[in-house]
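Work through the exercises below with the sequence and the model open. Each task is followed by a solution in steps.

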Amino acid sequence: MNRRALLLALTALPFAAPAFAQAVDVSAINAYLVALRNAQGRFRQTNPNGSVQTGAFYLAKPGRIRFEYDQPKGAMVIADGTNVGVFDPKSNRNPTRYPLSRTPLSLLLRENLSLREPGMVLGATRDAAGVHVTVVDPRAPNDGRMVMTFSEDPIALRAWAITTKTGQRTEVALTELSTGVSSNPSLFNIELAAANYR
């Protein structure tokens, strides 16, 4: 997998709501997201080319997340609060870096996320799979969009799907999720990961 595919995996699937989907109030989901500070678990990722990868993730707001892929060994994506580092095991170079603020995933990792912010929520629907909330960054609405999927009883984040501004699509389904579990801060240190990667 190349570095670009890994970044797209981090940030990309539009949600096509079925005709029977119902509109929904996102107040309770907003409260859940505000309270979601730390989490870790397992994920299953569907890439733009249809390939599937699995791995572990660690989340610590604000701005930090780490994806460790089972295959290829050594593949990682780390957001340190400012930048995203994409580690490609097929390359001996340093990780490729991108500004976190230019990825839709930055919305999920915000310190003070509010779905009430004007222009953020494009729509919220409910269907048999759960509640789907489509969001963009109001300051850069053309940089891509994210659809977050939640179960309702209890409310829990189950997946997110992101479309980049180039139309590339990736979906991340959380197969395990533990919240309120703090992770070692060193997990989100791109420079440390790069030093250990060589």
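A salt bridge is a side-chain nitrogen of Lys or Arg within 4 Å of a carboxyl oxygen of Asp or Glu. The model used in these exercises is predicted.

**Exercise 1. Salt bridges between distant parts of the chain**

Task: Establish that Asp70 and Arg42 form a salt bridge, and state where each lies.

Solution. The side chains of Arg42 and Asp70 approach to 2.6 Å, N to O. The cut-off is 4 Å, so the pair qualifies as a salt bridge. Arg42 belongs to strand β2, whereas Asp70 sits in the loop between β4 and β5 (76–80); the two are 28 residues apart. With 31% relative accessibility, Asp70 is partly exposed. Arg42 is partly exposed too, at 27%.

Task: Do the same for Arg102 and Asp143.

Solution. Their side chains form a salt bridge with an N to O distance of 2.8 Å. Arg102 is found in the loop between β7 (96–99) and α3 (105–108), and Asp143 in the loop between β9 (130–135) and β10 (144–152), so this salt bridge ties together parts 41 residues apart in sequence. Arg102 has a relative accessible area of 46% and is partly exposed. Asp143, at 13%, counts as buried.

**Exercise 2. A salt-bridge network**

Task: Start from Arg139 and Asp137, classify each as buried or exposed, and name the network they belong to.

Solution. The closest N and O atoms of Arg139 and Asp137 are 3.3 Å apart, and the two residues form a salt bridge. Arg139 has 64% relative accessibility; exposed means over 50%, so Arg139 is exposed. Asp137 has a relative accessible area of 11%; buried means under 20%, so Asp137 is buried. Through shared partners, salt bridges join Arg110, Glu117, Asp137 and Arg139 into one network. The count of salt bridges in the model is nine.

**Exercise 3. Aromatic pairs**

Task: How many aromatic pairs are there, and what is the geometry of Phe43 with Tyr69?

Solution. The count is four aromatic pairs. For Phe43 and Tyr69, the ring centres are 5.4 Å apart and the planes stand at 90 degrees; the pair is therefore edge-to-face. Phe43 lies in strand β2 (residues 38–46) and Tyr69 in strand β4 (residues 64–69), 26 residues apart, so the pair links distant parts of the chain. Both Phe43 and Tyr69 are buried.

Task: Classify the ring pair of Phe67 and Trp160, and place both residues.

Solution. Here the centres are 6.2 Å apart and the planes are at 70 degrees. Edge-to-face requires over 60 degrees, so this pair is edge-to-face. Phe67 is in strand β4 and Trp160 in strand β11 (residues 155–164), so the pair ties together parts 93 residues apart in sequence. Phe67 is buried at 1% relative accessibility, and Trp160 is buried at 2%. Ring pairs join Phe43, Phe67, Tyr69 and Trp160 into a cluster.

**Exercise 4. Nonpolar cores**

Task: Which residues of the largest nonpolar core touch the most other members?

Solution. The largest nonpolar core has 39 residues, and Met148 and Trp160 touch the most other members. Strand β11 supplies the largest share of this core, four residues. Another core, of six residues, lies apart from it; Met76, Ile190, Ala193 and Ala194 are among its members.

Task: Is Thr164, also in strand β11, buried or exposed?

Solution. Thr164 has 12% relative accessibility and so counts as buried. The side chain of Thr164 makes a polar contact of 2.9 Å with the side chain of Thr166.

**Exercise 5. Cis peptide bonds**

Task: Describe the peptide bonds from Lys61 to Pro62 and from Asp153 to Pro154.

Solution. Most peptide bonds are trans. The bond joining Lys61 and Pro62 is cis, with omega about 5 degrees; Pro62 lies in the loop between β3 (52–60) and β4. The bond from Asp153 to Pro154 is also cis, with omega near 5 degrees. Pro154 lies in the loop between β10 and β11.

**Exercise 6. Confidence**

Task: Where does pLDDT stay under 50, and how should that part be read?

Solution. The chain averages a pLDDT of 86, and 87% of the residues score at least 70. Over residues 1–21, pLDDT stays under 50. For residues 1–21 the model has 71 contacts beyond four places in sequence. Where pLDDT is low, the predicted coordinates should not be read in detail.

Note on methods: Residues are numbered from 1 along each chain as its sequence is written. This is a predicted model: local features need pLDDT of at least 70, side-chain atom pairs count only at pLDDT 80 or more; totals for chains, interfaces and linings use all residues. Side-chain values use heavy atoms; hydrogens and water are left out. pLDDT is the predictor's confidence in each residue, from 0 to 100. Contact means heavy atoms within 4.5 Å. Rings of Phe, Tyr and Trp (its six-membered ring) pair if their centres lie within 6.5 Å; planes under 30 degrees apart count as stacked, over 60 as edge-to-face and the rest as tilted. Buried means under 20% relative accessible area, exposed over 50%, partly exposed in between (1.4 Å probe, protein chains only). A polar contact is a pair of N or O atoms within 3.5 Å; within protein, one must be able to donate a hydrogen and the other to accept it, and residues adjacent in sequence count only if both atoms are side-chain atoms. A nonpolar core is a set of buried Ala, Val, Leu, Ile, Met, Phe, Trp, Tyr and Cys residues joined through side-chain atoms within 4.5 Å.
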